[in-house]
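Morning, everyone. Please have a look at the model on the screen before I start.

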Amino acid sequence: MKFSVIFEAQLADPTVEREHQVIRDSVEQAVLAEKMGFDRIWAVEHHSLKWYAHMSAPEIFLTWVAAKTTTIRIGHGVVCMPFRFNHPARVAERAAMLDLLSGGRLDLGAGRGGTEQETSLCGVDRGRTTQEVEEALRIIGRAWQEDELEYHGELIDIDPHPILPRPEQTPHPPLFLACSRTETLTQAAELGIGALVMGFAGPESIAGMRTAYDAAVAARTPERFVSSVVNDHFSVLCPTIVLDDRERARRIGVRGQRFFAQSIGHWYGGAGIPDEAVVDGADEAAEMRRAAEQVVARLHEHDIPVRPASTATFNADHAYGTADDAIAYVERLRDAGADEIMCLIQMGTVPQEACLETIRQWGEKVIPYFKESGVKDGGFRGGGR
């Protein structure tokens, strides 16, 4: 079992001063994560998603963290791969440089960045994003294994050019795909790359997603692989706040998740501006249910289909509470098929002291439980790590 921390740089009350501080706070959390025994950090790429994600240049953030650490793996998860966000050759160049300077610690994930807010910023054709992501992965997988990259596909043509520098890992850093639906899980398996899975719906949903991924792995043929190496690693999101005070941890965690859910609902589903207020003593579980009902009502109002994923982010049954509560929840995720637990700690309303204490508690109590109990290490099965 691997353990990681994922960063969106979420921000309630997004003044310039607070924005700067939350990014510095994320660096502090990432450095502490290495000290506490985490295997990896992940940082997303999003654009213009105020409140939800202020991490617009994760390659810079990750380079800064890499310079302050020595062992923790550096996960660029994910890069927005549509061509107008990032040309595939430029992704390969930047990723190779970061892998080299970090001493071969990079993992590279791909995603669509599919909100209208983001795509309109860079003139991305939303109808082509799925195709462009796959084509970008093929280009990147090839760029690091040939003396000169040449690619002529359905969407882009690249005449022969050397891609410099080469990454330290041979032939290249492990590749991943952001997965939220059965279709993307199947795509990741068929391409021979790892899955980064949103886990808000809970362990039962994760088990179904793992089954779909494994079925696609069993049925695939090598023709669609994007590289000569295969990475069948299954990473699962785990919202968590862990403190000695169970009720306080749950209150802070559920409040943070409500901000997360309302923020993503605002940009993905037309929901209202997220509620930024933190009210002492509020019944956060009730507030979460009320927020979910408001999002569903807004979707109906805009004639947007209400799918299971529409309310999954409002499910509050996660690793909130004491270390024992987190251990019990991780056991459920492990049994559901998770190879890696991606801890979502930095949510917009969560104070820095609670983030740092959660990382300490995981490092002192949760991670050792799984490392020392002989639980099988999911690892990178054929993943070229």
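I'll go through a strand, the core, a helix, a hairpin and the cavities.

First, the ground rules. This is a predicted model, where local features need pLDDT of at least 70, side-chain atom pairs count only at pLDDT 80 or more, and totals for chains, interfaces and linings use all residues. Residues are numbered from 1 along each chain as its sequence is written, and side-chain values use heavy atoms, with hydrogens and water left out.

Start with strand β9, residues 234-242. Strands here are DSSP E runs of at least two residues, helices are H or I runs of at least four, and both are numbered from the N terminus. In β9, 9 of 9 residues are buried, meaning under 20% relative accessible area with a 1.4 Å probe, protein chains only; exposed is over 50%, partly exposed in between. F234, V236, C238, T240 and V242 point one way, and S235, L237, P239 and I241 point the other.

What does β9 pair with? Pairing needs at least two DSSP bridges between the strands. Strand β8 (194-197) runs parallel to β9 over 3 bridges, with A195 partnering F234. Strand β11 (340-344) is also parallel, over 5 bridges; there P239 partners L344. Strand β10 (319-321) is parallel over 3 bridges, and T240 partners A319.

Now the core. A nonpolar core is a set of buried Ala, Val, Leu, Ile, Met, Phe, Trp, Tyr and Cys residues joined through side-chain atoms within 4.5 Å. The largest one has 120 residues, and F38, I41, I341 and W362 touch the most other members. Take W362. Beyond four places in sequence, its contacts (heavy atoms within 4.5 Å) include C238, T240, V242, A319 and I341.

On to helix α5, residues 129-143. Its 15 residues span 20 Å from first C-alpha to last, close to the 21 Å expected, which is 1.5 Å times one less than the residue count. In α5, 12 of 15 residues are buried. Those buried residues pack against α3, β4, β5, β6, β7 and α6.

Two of those partners, β5 and β6, form a hairpin with 4 residues between them. The strands are antiparallel, joined by 3 bridges, and L149 stands opposite H161. In β5, which side chains are buried? L149 and Y151 are, on one face; E150 and H152, on the other, are not.

Last, empty space. The whole structure has 2 cavities of 30 Å³ or more. A cavity is a set of points, on a 1 Å grid over the protein atoms alone, where a 1.4 Å probe fits but cannot get out. The largest holds about 60 Å³. Among its 13 lining residues (an atom within 4 Å of a point), H172, L175, G192, V229 and N231 are closest to the centre.

How values were computed
1 Å grid on protein atoms, 1.4 Å probe; cavity = no way out; pocket = protein on both sides within 12 Å on 5 of 7 lines; lining within 4 Å. Points joined across faces, edges and corners; volume = space filled by probe spheres on them.
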